[in-house]
Amino acid sequence: MAVFAPSGSLLELHEDRIEEVINKNIEVFLPGLDPVWRDTISTSQGVGPADALGRDLKIIKVFMGSMAGVLEQGKPRSDLTLYGDDTDQAGARLYTQNLDQVWPDPTEGPNAMPYRLGVGMRSMMSNIMFTLGELQAEATPAFIGEVIAPKLEGFARNISHTMCNYWYLSQNDDYRLSTITSHTVSAASPSGYNIKFTPDNEAYDRYYVGQRVDVYDASGTVRFNDSAAEAAQTLTTRQKVFVSHIDELKGEVTLWSETDPETDNSSNWEGGVVANGCLVVYANSDHALGGTNAFSGFAGVNSWLKSGATTNANTQYLLGDDRDTSNQIDLTLHPEFKSFTKDVSGVLTEHKLRKYLRRFHSAKNKYGQYIDCLIASDGVWLAYEATKIGREILDRTGRLASVTNEGSSEGFKFTFDGRTYTGYTSTYVEKETVYGIRKGGSNWKRYVPPSQKGTSRFDRADSFVPFEFIAGALTGGSNKLPIYNTDGSDGGITRVTEGIQMPGQMRMQLVPDQPAGLKLTSVTEDKVWSDN
């Protein structure tokens, strides 16, 4: 045990008579958002007009992509438009004009068929509870620190972090945060069980302490942390699982489960036992519990960057399984919306990057499409720069040796064919991946349905978060609703508890004017983890 006041000193002798002062200002220690999302993607977003939302709160975008009219060369018609039609001479002093040549048949001109893209809204529901005890504690002058403000700060960060995550989560992977690898299970103190694992995609910042998650089998079909068998699983039969802590230096995440994740029985993980290969997703994000899995979420970059491969709907159509099948864009019929995808299977060198960007712009320039932003997982740009280190020199001509300007400037800048690309590193992006998108011109637009009368925005949430409390719309007054005890144990009388609840909602969708972009996978990274 550390000793602060030396034994036998005057202060140590009278320590019980001296007031111990504890700072009553709580420093809220919460993880920050992905700077790429916070400073670049969210700030460059436009806001779609509310009157663009129609029946079923769907956004319908109409496209036409064909030439029209008839064009033919004039020579086969004797260059009528240059020299006029044929003439016949009538004697030495007169001639007559003929009408032999005609303009092309206008009925042969093609007319573009309009096609539509339907984009449905997505929503999240929330609730937060406060108790009379918490309010009383904060009102007590002798109580150390605040109670309500840190709780609201944590709630606001929860909302913003979830939105940030959905920008990167992929339909092709069931909107998983990651897959569990190298896992261990141990008893937690004072209760429950710890599941320590390494995220397979190494995107550890997708997790944060207090996050509610579910664990599914490798196919994304069965929720393991459920007290009911697969067919009987519901929103309310899940077993609690939280993220308890994250070691970012080692890239490890620890989950806490209220019941034993290695016991498959009716009181524990009825769906199965935790194992390497299990999927970790947001809690209750599967809207078809007890049947075929159907995970969904706000559309992010992976909902729009589609390769057009006919392997499945999530690659063949914009928005994949979340598409409006009555108003869908099939990329095999409309390849102008396809994104450039490439399995690099090696280091991303300057020459390779030039080739990939050249191919995209060679294909898309005629549509007015371009890329201006590159987002890479941790280590990609270091590996890229490492290919140039062998060529570095120190210019010592007439000067002392100096290394004060080594390293690289903030962000990554790459100029090619007159275009400058800004590159960023994100620890939210799955490993060995680079995304190329257009962010300029407010390409990404946030569509939000009109608010109901009486709702109110959450002033602690980030400006780009369209979150609102909804109790006021139900009561015409406060956003706080009492929580009642309705278990019927007191003669069927509904009794008031000390708790209040503040239900809320977030409804929105992200829709780009230009969905086409670039996605590189299997890109070699250069990064290191802590030994302990």
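The side chains of R77 and E72 come together in a salt bridge, with 2.4 Å from N to O. The term means a side-chain nitrogen of Lys or Arg within 4 Å of a carboxyl oxygen of Asp or Glu. Both partners are partly exposed: R77 has a relative accessible area of 23%, and E72 has 43%. Here, buried stands for under 20% relative accessible area, exposed for over 50%, and partly exposed for what lies in between, using a 1.4 Å probe and protein chains only.

Before going on, please keep in mind that this is a predicted model, in which local features need pLDDT of at least 70 and side-chain atom pairs count only at pLDDT 80 or more, while totals for chains, interfaces and linings use all residues. Residues are numbered from 1 along each chain as its sequence is written, and side-chain values use heavy atoms, with hydrogens and water left out.

A search of the whole structure turns up 17 salt bridges. One of them joins D513 to K61, whose closest N and O atoms are 3.8 Å apart. D513 sits in the loop between β24 (504-512) and β25 (518-523), and K61 belongs to strand β2 (residues 59-63), so this pair ties together parts that are 452 residues apart in sequence. The helices and strands named here are DSSP runs numbered from the N terminus (H or I for helices, at least four residues; E for strands, at least two). D513 is partly exposed at 38% relative accessibility, whereas K61 is buried at 18%.

Strand β25 also takes part in a salt bridge of its own. E430 and K519 meet at 3.8 Å, N to O. E430 lies in the loop between β17 (419-426) and β18 (434-437) and K519 in strand β25, so the pair ties together parts 89 residues apart in sequence. Both ends are buried, E430 with a relative accessible area of 14% and K519 with 15%. Elsewhere, D214, R223, D226 and R238 are joined into one network by salt bridges that share partners.

Let us stay with β18 for a moment. V434 and G436 point one way from this strand, Y435 and I437 point the other way, and all are buried. Strand β18 pairs with β25 in the antiparallel sense over 3 bridges, and within that pairing V434 has L520 of β25 as its bridge partner. Strand β15 (residues 373-377) is joined to β18 by 4 bridges, again antiparallel; there, C373 is matched with I437. For two strands to count as paired, DSSP has to find at least two bridges between them.

Another part of the model holds an open sheet of 6 strands, in the order β10-β13-β8-β9-β12-β11, with antiparallel pairing. β10 (213-216) and β11 (241-247) stand at the edges with a single partner strand each, so one side of each has no neighbour in the sheet. On average, neighbouring strands of this sheet are turned by 40 degrees against each other, direction ignored. The axes behind that value are lines fitted to C-alpha atoms (for helices over the stretch in contact), and angles run from 0 to 180 degrees between N-to-C directions. Within the sheet, β8 (residues 178-187) and β9 (residues 193-199) pair over 6 bridges, and V185 has I195 in β9 as its bridge partner.

Now for the rings. The structure holds 21 aromatic pairs. Rings of Phe, Tyr and Trp (its six-membered ring) pair if their centres lie within 6.5 Å, and planes under 30 degrees apart count as stacked, over 60 as edge-to-face and the rest as tilted. Y166 and Y175 make a tilted pair, 6.0 Å centre to centre with 55 degrees between the planes. Y166 is buried at 6% relative accessibility, and Y175 is buried at 3%. Y204 and W529 form an edge-to-face pair at 5.9 Å and 75 degrees. This pair links distant parts of the chain, with Y204 in the loop between β9 and β10 and W529 in the segment after β25, 325 residues apart. Y204 is buried at 10%, while W529 is partly exposed at 29%. In addition, W37, W167, Y168, Y428 and W444 form one aromatic cluster.
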